[in-house]
Amino acid sequence: MRRLQHGFSRLTKSHLLSINFQRFSSLSFLCILSVLSFLSFSLLSSTEDKQPPVASDSVIRGVDDLPLEQRRAFLRGTLSDWRIDTDKQRGISPPPIQKPYSPDAKRLDLISSDKFTVGSMSVRDAVRNRRSRRDFSGAQFSLEELSYLLWATQGISRLDRDQDGKLKAQYRTVPSGGARHPFETYLVISRVKGVTPGLYRYLPVEHQLLMIKEDLGLAQQVMNSCYGQGFIGSSAVTFIWSAIPYRSEWKYGSIAEKLVAIDVGHVCQNLYLAVESINSGVCASMGYNQKRMDDLLKVDGKNEFVIYLAAAGKLAKKK
Ligand SMILES: Cc1cc2nc3c(=O)[nH]c(=O)nc-3n(C[C@H](O)[C@H](O)[C@H](O)COP(=O)(O)O)c2cc1C
């Protein structure tokens with residue numbers, strides 16, 4: 001230490017100045033370099049990087065791998081944390097509002113919302129009587145009832161387009177942060193009059209059902225992927241919502257994930273109220289095996305994954 005002090009005291013003012021100058025010049029060189037690389041990165045990302053970001057293969061498999069502070073930070077995420085650093089700000093076009101599908105795929109028309117005869121219970125009564133109900137009968141929903149439930153949960157009530165027909169804004173029967181609506185609705189249909197049991201996807205833009213595959217035993221498979229919860233196996237229809245987080249991330253960046261989680265609650269609550277208004281039953285479930293459910297829907301589990309589900313059906317006992 002003494003040697004160090006001694007050596008240091010022998011440095012003259014000019015030594016110090018030249019050291020400072022050298023440090024300053026190498027520092028400023030580094031600064032200029034990082035500003036240049038930042039600028040070239042921003043330019044590149046605004047012009048070439050038009051693809052949505054793809055979640056990386058990381059070692060984090062689930063929330064258990066995250067420390068408590070990070071899990072709570074996700075819940076606290078709000079506008080005060082928001083760095084306005086989004087693909088929207090960079091001028092990248094928004095992702096499609098609905099997943100594309102093959103033009104050859106079989107599609108079924110649903111009943112249009114202006115033709116509904118079901119669901120006339122007052123909101124007050126639906127809110128008052130709503131319960132999670134798990135005791136389903138073997139009775140079928142009608143196509144109109146299913147159409148009504150899909151419309152109530154994800155139906156489009158207004159689409160605004162510009163002069164070239166390009167989509168400007170969408171409004172649905174449920175709210176969603178920034179009207180991003182980051183979900184797809186998959187349906188395991190077992191008992192709907194006139195509809196072959198199997199896996200389907202709702203197409204909100206066309207208000208149609210897209211058939212994915214016919215399968216009589218799918219409800220049992222879903223039940224098994226939900227830790228054997230019996231009401232799922234006996235449902236007439238199980239609604240499975242997948243999240244496509246980028247739809248919200250495109251606009252909201254770091255706070256998008258919290259918005260997605262809030263949004264899906266609105267969707268399921270509308271299902272509860274709509275089901276109640278047709279004197280039927282529904283029960284939500286977050287009790288499912290993520291990998292098995294993602295595999296069942298053939299979604300990649302990264303950029304699209306199951307986020308929530310609810311099994312619905314006619315009730316075994318009258319309320
Ligand atoms: C996010 C969420 C997840 C749920 N997951 C399940 C589930 O996996 N299995 C189940 O039987 N009920 C599930 N439920 C239903 C709750 O158990 C139910 O809402 C609660 O017992 C209160 O009953 P109520 O809905 O009749 O008021 C879930 C509800 C919510 C909101």
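How many bridges join strand E8 (residues 281-285) to E9, and do the two run parallel or antiparallel? I looked this up before anything else. I found 5 bridges between E8 and E9, and the strands run antiparallel. The model I am reading is predicted.

**Entry: strand E9.** I took one pair from E8 as a reference point: Val-282 stands opposite Ala-312 in E9. I then checked strand E7 (residues 237-243), which is joined to E9 by 7 bridges, also in an antiparallel run. Here I noted that Thr-238 has Ala-311 as its bridge partner in E9. For burial, I looked at E9 itself, which spans residues 305-313. I list E9 as mostly covered, with 7 of its 9 residues buried.

**Entry: nonpolar core.** I looked up the largest nonpolar core and got 66 residues. Val-237 and Leu-271 have the most contacts inside this core. The element that gives the most to the core is helix H9 (residues 256-277), with 11 residues.

I followed Val-237 further, leaving aside neighbours within four places in sequence. I found Val-237 in contact with Phe-141, Leu-146, Leu-187, Val-188, Ile-189, Val-192 and Ala-312. I had already met Ala-312 in E9, opposite Val-282.

**Entry: ligand shell.** Which residues are around the ligand? I listed Arg-131, Ser-132, Gln-229, Cys-283, Ala-284, Ser-285, Met-286 and Gly-287. By class, I recorded 3 nonpolar, 4 polar and 1 charged in this shell. I compared the list with the range of E8, residues 281-285, and noted Cys-283, Ala-284 and Ser-285 among the residues around the ligand.

Note on methods:
Residues are numbered from 1 along each chain as its sequence is written. This is a predicted model: local features need pLDDT of at least 70, side-chain atom pairs count only at pLDDT 80 or more; totals for chains, interfaces and linings use all residues. A nonpolar core is a set of buried Ala, Val, Leu, Ile, Met, Phe, Trp, Tyr and Cys residues joined through C-beta atoms within 7 Å. A residue is buried if 20 or more other C-beta atoms lie within 10 Å of its own, exposed if 12 or fewer, and partly exposed in between; C-beta atoms are placed from the backbone. Helices (H or I, at least four residues) and strands (E, at least two) are DSSP runs, numbered from the N terminus. Two residues are in contact if their C-beta atoms, placed from the backbone, lie within 7 Å. A residue is near a molecule or strand if its C-beta atom, placed from the backbone, lies within 6 Å of it. Ala, Val, Leu, Ile, Met, Phe, Trp, Tyr, Cys and Pro count as nonpolar, Asp, Glu, Lys and Arg as charged, and the others, Gly among them, as polar. Two strands pair if DSSP finds at least two bridges between them.
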